[in-house]
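The following exercises are to be worked with the sequence and the coordinates at hand. Each task is followed by a solution in steps.

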Amino acid sequence: MHRLLIRNIRSLVSCDDQDRVYENVNVYCEDGLIRSIGPDAPEADEVLDATGMLCYPGLVNTHHHLYQVFSRNLPQVQNMELFDWLTTLYEIWKGLNEDTIRLSSSVGMGELMKNGCTTVFDHHYVFPKNAGDLIGAQAQAAEALGIRMHFSRGSMDLSKKDGGLPPDSVVQSVDEIMRDSAELIGKYHDTSFQSMRRIALAPCSPFSVSADLLRESAVLAREYGVRLHTHLCETKDEENYTLEKVGLRPLAYMETLGWTGPDVWYAHGIHFNGEELKLLAETKTGVCHCPISNMKLSSGIARIPEMLEMGIPVGLGVDGSASNDGSNLLEELRVSYLLHRLNSSEKAPSGYDLLKVATMGSARLLGREKEIGSLEAGKCADLFLLKADRLELVGACCDPKSVLGTVGVKGPVDYTIVNGRVTVREGRLAGVDEERLVREAEQEVRRYLGQ
């Protein structure tokens with residue numbers, strides 16, 4: 001049994017159903033689960049002094065492309081929109097291998113953890129021929145860092161010759177994808193309470209996969225009890241594509257293929273109309289909001305205030321580092337707050353509303369709201385701690401519930417804890433040699449980009 005006691009927390013924001021904030025409390029954990037929040041201070045194997053600190057549930061990232069960490073801030077794509085951006089970058093991404101995936105995943109997940117993220121879903125859909133075991137490389141990185149990981153078996157089967165965007169070398173047949181999907185589910189999908197590994201099926205997008213692949217993915221996912229994810233309604237180009245190819249708007253097309261329901265969530269969801277929002281609400285189909293990526297690629301502004309008002313499940317994600325240039329969910333939270341204040345004024349969600357989107361909202365998209373997303377006895381000990389007396393927060397902590405959205409955090413958090421284990425200690429990764437990781441990653445970047 002591993003026992004952790006966190007003492008003297010100044011303010012603990014639980015994000016539970018009652019929106020409780022605890023003052024001057026201890027958190028006691030056993031074997032990765034929270035056992036008590038309050039004045040009790042049982043004996044423990046490890047004791048953290050959290051005097052003067054704010055405590056929050058670990059953030060849950062519900063859309064990322066970790067492989068893109070090594071292709072961020074490239075000058076040739078900085079002013080492109082999605083379709084041209086993708087077509088250009090596929091020529092780089094077709095060179096992925098196990099080392100690129102292991103190191104880019106380590107860097108991206110490390111940055112996420114240093115900024116309070118404890119669970120990450122990665123949408124990996126680029127599988128070049130003879131590239132090796134890419135999901136296995138991600139698993140190795142996640143285990144070393146100690147992060148809670150949701151993998152995906154993404155896929156593409158439409159190359160340029162078929163009317164899609166990617167080159168031939170990164171697409172596969174439907175049969176090959178289905179065989180590998182079933183194998184990976186058996187290997188990585190742990191349904192136990194508190195599990196550190198799960199997997200979803202995640203064909204890339206309506207303009208890079210066939211109807212057969214989407215339909216068969218939905219059937220296989222429900223046969224095995226895993227969730228479904230893809231990009232949808234990100235751009236007007238996508239809308240025009242499905243209207244031209246199948247005569248339907250993107251969501252209507254996906255609905256015909258079995259892609260609505262509480263086990264489905266979409267990335268972006270910018271261009272849904274009013275009727276489509278009603279369908280999402282009725283079917284409890286979720287949306288991952290990626291505001292920074294949406295802004296960088298000039299894709300538009302998702303109707304998040306309306307979605308939240310209608311009860312549509314909404315989570316937060318950073319998207320790929322090539323369309324975000326970072327892996328920081330705290331930054332995403334604050335940008336989301338500011339963006340919707342600008343666009344929706346008094347109808348915008350509050351800073352605390354968006355914290356709950358990034359915690360309980362995201363946990364719901366992954367089907368894990370009973371395990372993660374809030375700080376309560378019996379739930380996983382996934383949390384982060386932040387010193388309130390840092391210069392950037394002077395005078396800002398009278399409302400600890402909203403401060404992450406309204407003021408934001410400059411620099412890494414002080415501690416991140418996943419499953420009751422310290423993974424970030426005093427702002428540094430605890431499970432890996434950070435300096436060595438940087439050296440190895442920079443070397444791989446140069447090889448990968450041919451620099």
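**Exercise 1. Overall composition and dimensions**

How many helices and how many strands does the chain have? Determine also the extent and the degree of burial of the chain.

*Solution.* The model is a predicted one: local features require pLDDT of at least 70, side-chain atom pairs count only at pLDDT 80 or more, and totals for chains, interfaces and linings use all residues. Residues are numbered from 1 along each chain as its sequence is written, and side-chain values use heavy atoms, with hydrogens and water left out.

Step 1. The chain has 14 helices and 17 strands; these are DSSP runs numbered from the N terminus, helices being H or I of at least four residues and strands E of at least two.

Step 2. The radius of gyration, taken over C-alpha atoms, is compared with a globule rule of 2.2 Å times the number of residues to the power 0.38. For 451 residues a compact globule would have a value near 22 Å, and the 21 Å of the chain agrees with this. Along the principal axes, the C-alpha atoms fill a box of roughly 65 × 45 × 45 Å.

Step 3. Of the 451 residues, 62% count as buried (buried: under 20% relative accessible area; exposed: over 50%; partly exposed: in between; 1.4 Å probe, protein chains only).

Step 4. Among contacts with a separation of 6 or more, 75% join residues 24 or more positions apart, where contact means heavy atoms within 4.5 Å.

**Exercise 2. Strand β8 and its partners**

Is strand β8 enclosed by the rest of the structure, or open to the outside? Identify the strands paired with β8.

*Solution.* Step 1. 8 of the 8 residues of β8 (residues 148-155) are buried, so the strand is largely enclosed by the rest of the structure.

Step 2. In a regular strand the side chains alternate between the two faces of the sheet. In β8, one side carries Arg148, His150, Ser152 and Gly154, and the other Met149, Phe151, Arg153 and Ser155; all are buried.

Step 3. Strands pair if DSSP finds at least two bridges between them. Strand β7 runs parallel to β8 and is joined to it by 3 bridges, with Val120 opposite Met149. Strand β9 (residues 197-203) also runs parallel to β8, joined by 7 bridges, and here Phe151 stands opposite Ile199.

**Exercise 3. Thr118 and strand β15**

Which residues does Thr118 contact, leaving aside its neighbours within four places in sequence? Describe the pairing of strand β15.

*Solution.* Step 1. Thr118 lies in β7 (residues 117-121) and is buried, at 1% relative accessible area.

Step 2. Beyond those neighbours, Thr118 is in contact with Gly58, Leu59, Ile147, Arg148, Asp382, Leu383, Thr416, Ile417 and Val418.

Step 3. Strand β15 (residues 415-418) directs Tyr415 and Ile417 one way and Thr416 and Val418 the other, all of them buried.

Step 4. β15 pairs in the antiparallel sense with β14 (residues 383-387) over 3 bridges, Leu385 having Tyr415 as its bridge partner. β15 pairs in the antiparallel sense with β16 (residues 421-425) over 4 bridges, where Val422 is the bridge partner of Ile417.

**Exercise 4. Backbone conformation in loops**

Which residue of the hairpin of β15 and β16 takes a positive phi? Locate further cases in loops.

*Solution.* Step 1. Most residues other than glycine have a negative phi, and most peptide bonds are trans.

Step 2. In the hairpin, which has 2 residues between the strands, Asn419 takes a positive phi near 55°.

Step 3. Lys284, not a glycine, has a positive phi of about 60°. Lys284 is in the loop between α8 (274-283) and β12 and is partly exposed, at 36% relative accessible area.

Step 4. Ser298 likewise has a positive phi, near 55°, and lies in the loop between α9 (291-296) and α10 (304-310).

**Exercise 5. A buried strand residue and a loop residue**

Is His289 buried or exposed? Carry out the corresponding analysis for Pro412.

*Solution.* Step 1. His289, in β12 (residues 286-289), is buried at 1% relative accessibility. Among its contacts beyond four places in sequence are Asn294, Ile304, Leu316 and His340.

Step 2. Pro412 occupies the loop between α13 (403-406) and β15 and is partly exposed at 35%.

Step 3. Pro412 and Glu426 are 14 residues apart along the chain, with their C-alpha atoms separated by 8.6 Å. The contacts of Pro412 beyond four places in sequence are Lys114, Asn115, Arg390 and Gly427.
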